[in-house]
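Student: I should like to work through this protein step by step. May we begin with its overall contacts and then turn to its parts?

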Amino acid sequence: MTACSRIAAMIAFALRGQPVAATAAAKRRALDVAEGLARLYPDAECALRYSSPLELLVAVILSAQCTDERVNIVTRDLFRRYRTAADYANAPLEELEQVIRSTGFYRNKAKNIQGCCRALVEKHGGQVPNTLAELVALDGVGRKTANVVLGTAFGIPSGVVVDTHVTRLSNRLGLTKHKSDAVKIEHDLAALLPPEEWINFSHRLIWHGRRVCVARKPRCEACGLAEICPKIGVVKKSPPPKVAAAKSGVTSYGAAKTKKSMPKKKSKALAGKGSRR
Ligand code: SF4
């Protein structure tokens, strides 16, 4: 075990059941993670295709419970048909539903996109606003969507985007103790990292979650953050029986097999020999 791994193990032990307070040491660790991610993914960016804040807003609404790849396929046609907020607002709902159908939950998504775009037309001159308060007031727009739009389309670090990957990795890396509450996780990350890190940190963590620190079997052995990661909640695979036995100095066949394999007669004979002595 290297010195770094020892430190990571000590951190994992110390963090068990403890809140992640924004101490100087915790902030240093979070920065180490941010720097490591920057080295691994210097060019990480939003995987959704868009050419305007409106397109990004629509794409993020569509991405709920759907892959970015599928959204990018659907938006190719969608963005050709509807170019302005008014186009979405005035489109027949059934037509919009059919275009986005393959992203799932299409009825809800179509309703939200249309409601959102009507508000853009009525209250914002057809433009996407650039404040968190105005964005989260729109149909279908929560903190995550608002943070993506503000950070990615406007370059405004309004918060840290917390999706399923950021949730999982923040826990494994010991940057939060909250298992699933996205707002609390965002609060923890924002307290540990300076605002200038927030936008890229989210993109890079999402990339890492897709490529290496995947949900079921994180590839810790190939991970560029392994030396500084406490791997909280990562279940270690138990070694195969032979290896376990070899380590404990017992053969994999064990004592029971030795007993079984000893012929009864011979056992008696041996017992007899012994008694005769
Ligand atoms: S893959 Fe393993 S070492 Fe890397 S960040 Fe995930 S849990 Fe940590």
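Tutor: This is a predicted model. Among contacts in the protein with a separation of 6 or more, residues 24 or more positions apart account for 62%.

Student: How many helices and how many strands are in the protein?

Tutor: Both kinds of element were counted along the protein. The count gives zero strands, and the number of helices is 15.

Student: Which helix gives the largest share of the largest nonpolar core?

Tutor: Of the 277 residues of the protein, 33% count as buried. The largest nonpolar core has 55 residues, and those with the most contacts inside it are Leu57, Ile113 and Val149. Eight residues of this core, its largest share, come from helix 3 (residues 53–62). Leu57 touches Val128 and Val149, leaving aside residues up to four places away in sequence. The helix asked for is therefore helix 3.

Student: Why do the buried residues of helix 2 lie on the same side of the helix?

Tutor: Helix 2 has 17 residues and reaches 24 Å from its first C-alpha to its last, close to the 24 Å expected at 1.5 Å a residue. Its buried residues are Arg29, Ala30, Val33, Ala34, Gly36 and Leu37. They lie on the same side of helix 2 because the arc they cover around the axis is only 160°.

Student: Which exposed residues does the face of helix 2 turned away from its buried side carry?

Tutor: The buried side of helix 2 is covered by elements that include helix 11 and helix 12. The face turned away from that side carries the exposed residues Ala24, Ala25, Arg28, Glu35 and Arg39.

Student: Which helices do the buried residues of helix 11 pack against?

Tutor: In helix 11 (residues 182–192), the buried residues are Ile185, Glu186, Asp188, Leu189 and Leu192. They cover an arc of only 160° around the axis, so they are on the same side of helix 11. Their packing partners are helix 2 (24–40) and helix 10 (164–172).

Student: Is Trp198 buried or exposed?

Tutor: Trp198 lies in helix 12 (residues 195–211). A residue is buried if 20 or more other C-beta atoms lie within 10 Å of its own. Trp198 has 21 other C-beta atoms within 10 Å, so Trp198 is buried.

Student: Which residues come nearest to the ligand?

Tutor: By class, the shell around the ligand has ten nonpolar, no polar and three charged residues. Of the 13 residues around the ligand, the nearest are Cys213, Pro218, Cys220, Cys223 and Cys229.

Notes
Residues are numbered from 1 along each chain as its sequence is written. This is a predicted model: local features need pLDDT of at least 70, side-chain atom pairs count only at pLDDT 80 or more; totals for chains, interfaces and linings use all residues. A residue is near a molecule or strand if its C-beta atom, placed from the backbone, lies within 6 Å of it. Ala, Val, Leu, Ile, Met, Phe, Trp, Tyr, Cys and Pro count as nonpolar, Asp, Glu, Lys and Arg as charged, and the others, Gly among them, as polar. A residue is buried if 20 or more other C-beta atoms lie within 10 Å of its own, exposed if 12 or fewer, and partly exposed in between; C-beta atoms are placed from the backbone. Helices (H or I, at least four residues) and strands (E, at least two) are DSSP runs, numbered from the N terminus. The arc is that of the directions from the helix axis to the C-beta atoms. Two residues are in contact if their C-beta atoms, placed from the backbone, lie within 7 Å. A nonpolar core is a set of buried Ala, Val, Leu, Ile, Met, Phe, Trp, Tyr and Cys residues joined through C-beta atoms within 7 Å. The expected span of a helix is 1.5 Å times one less than its number of residues.
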